[in-house]
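Please open the model in your viewer and keep the selection tool at hand. The stops below are arranged so that each selection leads to the next.

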Amino acid sequence: MSDDDIDLEDVLALVMERVRPRIGEGRVADYIPELGRVDPARFGFAVATTEGEVHTVGDTGVRFSMQSITKVFTLALVTQKGDTHIWDRVLREPSGNAFNSLYQLEFENGVPRNPFINPGALVVTDELLANTGDAFTALRDLLRAETGDPDLDADEVTARSEQESGDRNRSLAYLMAGFGNMRNPVPDVLDHYFRQCSITITTEELARAGLLLARHGVRGDGSRMLDRAAARRIMAIMLTCGTYDAAGDFAYRVGLPCKSGVGGGILAVVPGRYSIAAWGPGLDAKGNSVTGALALDTFTEATHCSVF
Ligand code: DON
């Protein structure tokens, strides 16, 4: 299929046909108890184009928990206007470990491997809090503007559930504070981080928000938020570190910068063309959505839209 021949409605119909028999597969994340209550039989897939069209199939109007997908947008906020200070505090390498692992952080002196594992994301939220005085609101306002949804917000029940089950994140943050890699008091950083992760969004809205990257850093209102280099670098980290310890397999199967979350969402970007959002709450053993991964695999297979 050449670029001009892509009929997105046909592609979405094919995605649905492939995914339908697998809906309900996988395990809904329950280490945050509130996430365990989500109906596993949901699936949504949305493609937003840089020309402004949005194509959808499935449950694309149902809100789900963004979780780690928020980490893309907090990273965008701390790297806007050419700011590179964050790279003094976090590396850009895949970790090869679970996203909430503690032991690598200890022997690497409190400097997280990348901004998408939990300690890296905590450092980014800390930096955003230091820069703005209110990390959560800065993130929420960005997402409200880019989705066009003035009601987009945290789910306070999920945020509380994260607080109550968040001892590993607490340990990671205090360990980094012990190494001098926290600028704000740990409880404040955690509070903003938990609320950030609990933001709910629809698949269609997530596709719209991801256009920030598909347009190489330009916001929906036409203003430039990120210089092209910063946008390119965020997408590079999505490709290498965005899907936990399955990033190699995602690069092989999908070939796009992606970021997943334990709420079952995945954001993928075809630079210059599309922002794609997939949601299916059932996760595989590595923590990625089973149906979301299959949908993206089907999309790139059918369209040959890949960075490779
Ligand atoms: O902190 C946590 O464990 C969750 N709020 C987010 C985890 C997630 O989606 C995967 N993280 N990289």
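Select R42 to begin; in this predicted model, R42 is partly exposed, with a relative accessible area of 29%. Now add D39 to the selection. The side chains of R42 and D39 form a salt bridge, with an N to O distance of 4.0 Å. D39 also counts as partly exposed, at 40% relative accessibility.

Next, select R37 together with E34. Their side chains meet in a salt bridge as well, here at 2.9 Å from N to O. R37 is exposed, because its relative accessible area of 62% lies over the 50% that marks an exposed residue.

How many salt bridges does a search of the whole structure find? The search returns 19 salt bridges.

One of these deserves a separate stop: select R89 and D126. The closest N and O atoms of this salt bridge are 2.6 Å apart. R89 lies in the loop between helix 2 and helix 3 (103–107), while D126 belongs to helix 4 (residues 118–132), so the pair ties together parts that are 37 residues apart in sequence. Are these two residues buried or exposed? Both R89 and D126 are buried. Extend the selection to E127 and R183: salt bridges with shared partners join R89, D126, E127 and R183 into one network.

The tour now turns to charged patches on the surface. Select R92, R224, R228, R232 and R233, which gather there in a patch of positive charge. Within this group, centre the view on R224. R224 is located in the loop between helix 9 and helix 10, and it is partly exposed, with a relative accessible area of 47%.

For a patch of the opposite sign, select D7, E9, D10, E51 and E53, which form a negative surface patch. E9 is a convenient residue on which to centre: it is part of helix 1 (residues 8–19). At 44% relative accessibility, E9 counts as partly exposed.

Two stops concern the backbone. Most residues other than glycine have a negative phi. Return to the loop between helix 9 (203–214) and helix 10 (228–241) and select H216, which lies in that loop. H216 has a positive phi of about 55°, although it is not a glycine. With 18% relative accessibility, H216 counts as buried, because the limit for a buried residue is under 20%.

Then select Q67, found in the loop between strand 3 (63–65) and helix 2 (70–78). Q67 is likewise not a glycine, and its phi is positive, at about 50°. The relative accessible area of Q67 is 3%, and the residue is buried.

Where should one look for T298? Select helix 12 (residues 290–303), which contains T298. T298 is buried, with a relative accessible area of 4%. Display the side chain of T298 together with the backbone of L294. A polar atom of the T298 side chain lies 2.7 Å from the backbone oxygen of L294. This contact between a side chain and the backbone is the final stop of the tour.

Notes. Residues numbered from 1 in each chain as written. Predicted model: local features only at pLDDT ≥ 70, side-chain atom pairs only at ≥ 80, totals over all residues. Heavy atoms only, no water. Helix = DSSP H or I, 4+ residues; strand = E, 2+ residues; numbered from the N terminus. Buried < 20%, exposed > 50% of the residue type's maximum accessible area, 1.4 Å probe, protein only. Patch = residues over 30% accessible without salt bridge, like charges linked within 9 Å, V, L, I, M, F, W, Y side chains within 5 Å. Areas by Shrake-Rupley, 256 points an atom, 1.4 Å probe, with all protein chains shown as cover. Lys, Arg positive; Asp, Glu negative; His and termini not counted. Charge placed at Lys NZ, Arg CZ, Asp CG, Glu CD. Polar contact = N/O pair within 3.5 Å; in protein donor to acceptor, adjacent residues only side chain to side chain.
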